[in-house]
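Work through these exercises with the structure open beside you. Try each task before you read its solution.

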Amino acid sequence: MTFLAPWAAWFAAGLPVIVLLYLLKLKRRPLTVSTLVFWQRVLQESRRRALFQRLRNLLSLLLHLLIFLLILCALAKPTFDHFVATGSSTVIVLDTRARMQALDPDGVSRFEKARLLAARYLRDASTSHQLAILTTGSSPAVSSPFTGDEKALRESLTRVSVSDLAGEIEPAIHLAEQLLASRNGEAQIVVISPSGCKIQNSKFKILPVSVGSPRDNVAITRFATRPLLSDPETSEVLLEIRNFGTSASRGNVELALDGKLLDVKPFDLEPGGRSFETFSALPRSARNARGWLTARLPTPDALALDNVAYAVLSAPQQHRVLLVTRGNFFLEKLLAADRQISFELLEPDAFQLPMAAKFDAVILDDALPPGFDLAQTEGNFLFLKTSPFTTPGEPIQQPLVSDIDAANPVLRLVTLQNVTIVRAAPMQLPGAMPGWKFSAPLRSFEHPLMATGSELTGSHRTAALAFDLADSDLPLRIAFPLLITNTVHWLAGAERATPISLQTGDVVPLAQNQTVWIEPQTEPTAPAKPDAKQLARQFFEPTRDGFYRLDQPGGSSWIAVNTFSEGESDLSAASPASLNAAPVSRQSLANLATRPLWQYLALAALALTTLEWWLFHRRRTE
């Protein structure tokens, strides 16, 4: 037996005081009466009960001494040497995902109830029983490491907040198992979540604690914009609404642009149903317009988070393209028809290599400059017929398209199976060029018909077609504008730009000259100038829904962040029991066995105090 608080032994000095109080005799007050006749019988009864009276005093003294000793032992916090040597450990996994924002019928959120439940486990913290707190989300995080300090644990629990993140709870349980693997003694994992855990065959005891009740919920599960191919100045808006409840739901969805109501559409959903709505909207025309699109379900339900969705109408990107050719009617008309491209025409004799650095892409139509070195030249190039990959030899006559890499961005939605090619120049990919990666997304058996290459840093790209457009019927096919447009936009790095739409928890790398505001803005008001602590650099990982401002030398743009998770919006499913959970009776016994001994001593002192009070009022003790 070991006492964790031996200083409590000083209170033993109070024992003589209790005994002294019982040894003191009462000083009786003399009283004059008219006769003793009426007092004779009382005096006789007192003589017969003198022994019992002393026993009553002795019982009262023993009870008070025992109560005092129990309180003294409880203050000393005794524990068995086994628990001091090995101890016990508990990891509390607290669910902080978006679903925890849902309100129960009593108006209290699931997260507040989960935090109150976690606080109850913190009462058992001691030197021999240490606890740690983990939180869930897109990835688990340690809110508090193992400690027996209840105050420190409560402070960590107070700092924990619910997020807009989606994710699974199993990674947090795996992290808890790793934390417990190096600890001795009894170990358990307490999972406080509305959803169950699917961990099987765990060597640790997992105690699931369910929080919240099933609720009906209607959510916006998709909200996105994209420019139309036929008219890039017009964006198409897609909206999806789902009913996760057990009863039908009807209402209106409101679409606003820069805080001003743009359109309202009704919806009527059966239980478990979904509805798709499409809108057409013009992008922001004024320079100071933000292009914020907000979809809102004005009908309140259990989870307010998924009743609002955010999207951005971005202005079309303009790419500067230089076309070096002796005359190509098809290419000139195609580039002129693309509103996202502004191109300049130049004769091959007037072209100089330093010009390429001033354009997003350069198209060299059978006009390879002498001494061209791809590794030493700045710029992004598209070569037609003659390229740095061309090898000496006879042209390939009437090659057939045999292999197409549809996953390559230059061949997105491009169909070339029936294209007729009269002749093609022989090409060969570079064997080894430091810092570059090459591929042949279009082949005629062993002969490449198209080659693409990109620098590993992403700063330069190149593409080459092995044939002249005039030597094929490609310009007469639908595949021609798609192939050239895809290639030019890929060379210009359109897909390398920071995306305008993200989900919470996505990690986006930022360029050296890019910064993103950490906090979202959900109202179209002019933002104040932030300090360094309010800006994200190197990478951006949003945890809240809303609009985030991206600042870079070319100007500012906006990123829309949403949760969009059916698992977070579906509040109707009941919590399944864990496969590792013990029956309720066995859990209770296990919890009783691991509680500190001082708690039982304090309960015993309280019980004896109640007994002594009852005996005193029944005149059994003095």
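**Exercise 1. Decide how helices H5 and H6 run relative to each other: roughly parallel or roughly antiparallel?**

Solution. This is a predicted model.

Step 1. Two packed helices are described by the angle between their axes and the distance between the axes.

Step 2. Read off both values. H5 and H6 pack at about 170 degrees, and their axes lie 10 Å apart.

Step 3. Apply the cut-off. Angles over 145 degrees count as roughly antiparallel. H5 and H6 are therefore roughly antiparallel to each other.

Step 4. List the contact residues. H5 brings Arg115, Ala118, Ala119 and Leu122. H6 brings Glu150, Leu153, Arg154, Leu157 and Thr158.

Step 5. Sort them by class. The contact of H5 with H6 has 5 nonpolar, 1 polar and 3 charged residues.

**Exercise 2. Find the strand order of the open sheet of 5 strands, then place the helices that pack on it.**

Solution.

Step 1. The order is S5-S4-S3-S6-S7, and the pairing is mixed.

Step 2. Look at the edges. Strand S5 (141-147) and strand S7 (205-210) each pair on one side only.

Step 3. Check the twist. Neighbouring strands of this sheet are turned by 15 degrees against each other on average, direction ignored.

Step 4. Take one pair. Strand S3 (residues 88-94) and strand S4 (residues 129-135) are parallel, with 7 bridges. Val91 has Ala132 in S4 as its bridge partner.

Step 5. Add the helices. Helix H5 (residues 110-122) packs on the sheet and touches S3, S4, strand S6 (186-193) and S7. The direction of H5 makes about 175 degrees with that of S3. Helix H6 (residues 150-159) also packs on the sheet, where it touches S3, S4 and S5. The direction of H6 makes about 170 degrees with that of S5.

**Exercise 3. Trace the open sheet of 8 strands from edge to edge.**

Solution.

Step 1. Write the order: S16-S15-S17-S18-S24-S23-S22-S20, with mixed pairing. The edge strands are S16 (341-346) and S20 (403-404).

Step 2. Start at S20. This strand runs antiparallel to S22 (residues 436-444), joined by 2 bridges. Asp403 stands opposite Arg443 in S22.

Step 3. Move to S22 and S23. They pair in the antiparallel sense over 7 bridges. Ser439 faces Thr452 in S23. The two strands form a hairpin with 2 residues between them. In the turn, Phe445 has a positive phi of about 60 degrees.

Step 4. Go on to S24. S23 and S24 are antiparallel too, with 5 bridges. Ala451 has Ala464 in S24 as its bridge partner.

Step 5. Place the helices. Helix H8 (residues 329-337) lies across strands S15, S16, S17 and S18, at about 150 degrees to S16. Helix H9 (residues 479-492) lies across S15, S16, S17, S18, S23 and S24, at about 155 degrees to S24.

**Exercise 4. How many cavities of 30 Å³ or more does the structure hold, and which residues lie closest to the centre of the largest cavity?**

Solution.

Step 1. Rolling a probe the size of a water molecule over the atoms shows where empty space is left.

Step 2. Count. The structure holds 1 cavity of 30 Å³ or more. About 90 Å³ of space lies in the largest cavity.

Step 3. Find the lining. It has 14 residues, and Ile220, Asp306, Thr563, Phe564 and Ser569 are the closest to the centre.

Step 4. Name the elements. Strand S8 (218-227) and helix H10 (566-569) each supply at least two lining residues.

Step 5. Sort by class. The lining has 6 nonpolar, 5 polar and 3 charged residues.

Technical notes. Residues are numbered from 1 along each chain as its sequence is written. This is a predicted model: local features need pLDDT of at least 70, side-chain atom pairs count only at pLDDT 80 or more; totals for chains, interfaces and linings use all residues. Side-chain values use heavy atoms; hydrogens and water are left out. Two strands pair if DSSP finds at least two bridges between them. Helices (H or I, at least four residues) and strands (E, at least two) are DSSP runs, numbered from the N terminus. Axes are lines fitted to C-alpha atoms, for helices over the stretch in contact, and angles run from 0 to 180 degrees between N-to-C directions. Contact means heavy atoms within 4.5 Å. Angles under 35 degrees count as roughly parallel, over 145 as roughly antiparallel, 65 to 115 as roughly perpendicular and the rest as oblique. Ala, Val, Leu, Ile, Met, Phe, Trp, Tyr, Cys and Pro count as nonpolar, Asp, Glu, Lys and Arg as charged, and the others, Gly among them, as polar. On a 1 Å grid over the protein atoms alone, a cavity is a set of points where a 1.4 Å probe fits but cannot get out, and a pocket is an open set with protein on both sides within 12 Å along at least five of seven lines; lining residues have an atom within 4 Å of a point. Grid points are joined across faces, edges and corners, and a volume is the space filled by probe spheres set on the points.
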